[in-house]
Amino acid sequence: ITKSGRDRYTADAIYESDLLFKKSPFSTNYDYGYFGLSGPISLFKLIGLPGSSGFTLSLNTKLNNTAYKMGGGYGTTRLLFFNIHNRQVSNYSISAKLNYSPLSNLRIKILGQFEQGNNKNFDWSWSKVPQNYPITFTKTNRFSVIVNQTLTENSYYNFNLVYTEGNNKTAVLGLNSPLDAFKYVIQYYDYQGNPIPADKIQYLLQYDPSKIDFSKTSVVYQRPPLVKDLNYDGFVDKGGMYTNFNRNEYKSYTANLNYTNFWGIHKFKTGVGFTLNRIIYLNIDNFGQFFPKRDTLSGPWPQYGSSRWYFNDRFWKGNFYAQDRIQYAGMFLNLGIRGDFYGLGNTINDPFFIKQFNIATGENVTGFKKVKVAWSPRLGLSIPANKSTKLFFNYGYFIQAPSFRELYQDPFLTSV
């Protein structure tokens, strides 16, 4: 341990496991590993860059079958040069941070975070056929740049840029699309019209095809096996498959800037922010059902599923605020204003969305505003009555934007 992590290179590692209890009923096959490395960036000094610099690098891996041990297989994950066999809960992350101060009043941070997870929830009703229960795969990459600079003795600013991308999927292991669950099954017959057992077909095709009546050969498009509870005990029995499919891809760009200035009895602060989101989201329920006339719907595999929701759009939000804190004779007065701006994308004015909205509500709207603006005034007052008592007064008008699902998803509007 050093006085400063930048004085010299430091490394630490942690490993936790229930290895000693692997064969006992109390083991959850738990392993956790961490490795961290930090120190100065010698390259900066070699090339003559001014100021100070440092970096931090860390790797985390957490694997656990949990006390319930769902089973059924969890797949593998490629991490750096290793193939790791996943467990019921498998989380991996790599993070890196670079600090650089070219001037005494200027600090720059660059951060990168890479996370991946493969997690299979436990469900008692699927415990007999765990291989047919879904796994949620997640992957997120995040890059940030943070700049802090002191301009004068009484003023400074902060600026940051953030880019995030990721995807996740919830489906049975190995199922990359609903089509993977369907199979073309070829049935062969002999000349007496009897179906040939599956275990004999390959031999006859190779060594004695004359026994096969190819004129009777049929091809069947076999659906995924239905969920069945044969003995009505509340558990899915052999043959059932979880037929919901969820896939989400997203990108986000964020920029924030704020400025603070002290003068006299005032502390003035102002700032702006902007975020642009791109989301491609697909959810299909019961993809074992097929509707041939539904081929005009947007998104992949429109004919599959008893209900589905597909979203593909860009939307944004921004904000502006200014506030002043005035301190005088023990009294504090806060004055401020905030503006929030929302760009709701093109989905809300899609003809299909408008049609479904009017059917569900009985309205006759022809479109919605794509940009919403909300202003929020703020007022606060603190007055000392005596040495041990203060009077407070606050007024604020606050805005809480609806969630993504509240804005764009409703079973009566956007699913079929």
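Me: Which twelve residues make up the largest nonpolar core, and which of them closes the list at the highest number?
Reply: In this predicted model, the largest nonpolar core is made up of twelve residues, including Ala171, Val172, Leu175, Ala181, Phe182 and Met241. A nonpolar core here is a set of buried Ala, Val, Leu, Ile, Met, Phe, Trp, Tyr and Cys residues joined through side-chain atoms within 4.5 Å, where buried means under 20% relative accessible area, exposed over 50% and partly exposed in between, with a 1.4 Å probe and protein chains only. The rest of the core consists of Phe245, Leu282, Ile284, Phe287, Trp301 and Tyr304.

Me: How many residues does the other core hold?
Reply: Apart from the largest nonpolar core lies another one, which counts Ile279, Trp309, Phe315 and Tyr342 among its members. The number of residues in this other core is nine.

Me: On what basis are residues numbered and features counted?
Reply: Residues are numbered from 1 along each chain as its sequence is written, and side-chain values use heavy atoms, with hydrogens and water left out. As the model is predicted, local features need pLDDT of at least 70, whereas totals for chains, interfaces and linings use all residues, and side-chain atom pairs count only at pLDDT 80 or more.

Me: Where does Ala171 lie, and which residues is it in contact with, leaving aside its neighbours within four places in sequence?
Reply: Ala171 has its place in strand β9 (residues 155-171), helices (H or I, at least four residues) and strands (E, at least two) being DSSP runs numbered from the N terminus. Its relative accessible area is 0%, so Ala171 is buried. Taking contact as heavy atoms within 4.5 Å and leaving aside neighbours within four places in sequence, Ala171 is in contact with Pro134, Ile135, Phe137, Asn244 and Phe245.

Me: Why does the salt bridge of Asp31 and Arg87 tie together separate parts, and how many residues apart in sequence are they?
Reply: The side chains of Asp31 and Arg87 meet at 2.6 Å, N to O, a salt bridge being a side-chain nitrogen of Lys or Arg within 4 Å of a carboxyl oxygen of Asp or Glu. Asp31 counts as buried at 12% relative accessibility, and Arg87 is likewise buried, at 16%. Because Asp31 belongs to strand β2 (residues 31-39) and Arg87 to the loop between β5 (82-85) and β6 (89-103), the pair ties together parts whose separation in sequence is 56 residues.

Me: Which residues are joined into one network by salt bridges that share partners?
Reply: Lys128 and Asp233 form a salt bridge in which the closest N and O atoms are 3.0 Å apart. Lys128 is partly exposed at 43% relative accessible area, and Asp233 also counts as partly exposed, at 33%. Through salt bridges that share partners, the network joins Lys128, Asp233 and Asp237.

Me: How many bridges join β3 to β6?
Reply: Strands pair if DSSP finds at least two bridges between them, and β2 pairs with β3 (residues 52-64) in the antiparallel sense over nine bridges, with Leu57 in β3 as the bridge partner of Leu37. Strands β3 and β6 also run antiparallel, and Phe55 stands opposite Leu98 in β6. The number of bridges that join β3 to β6 is 13.

Me: Which residues of helix α3 are buried?
Reply: What covers the buried residues of α3 includes α4 (404-408), and just after α3, Gly362 takes a positive phi of about 80°. Within helix α3 (residues 351-361), the buried residues are Phe353, Ile354, Gln356, Phe357 and Asn358.
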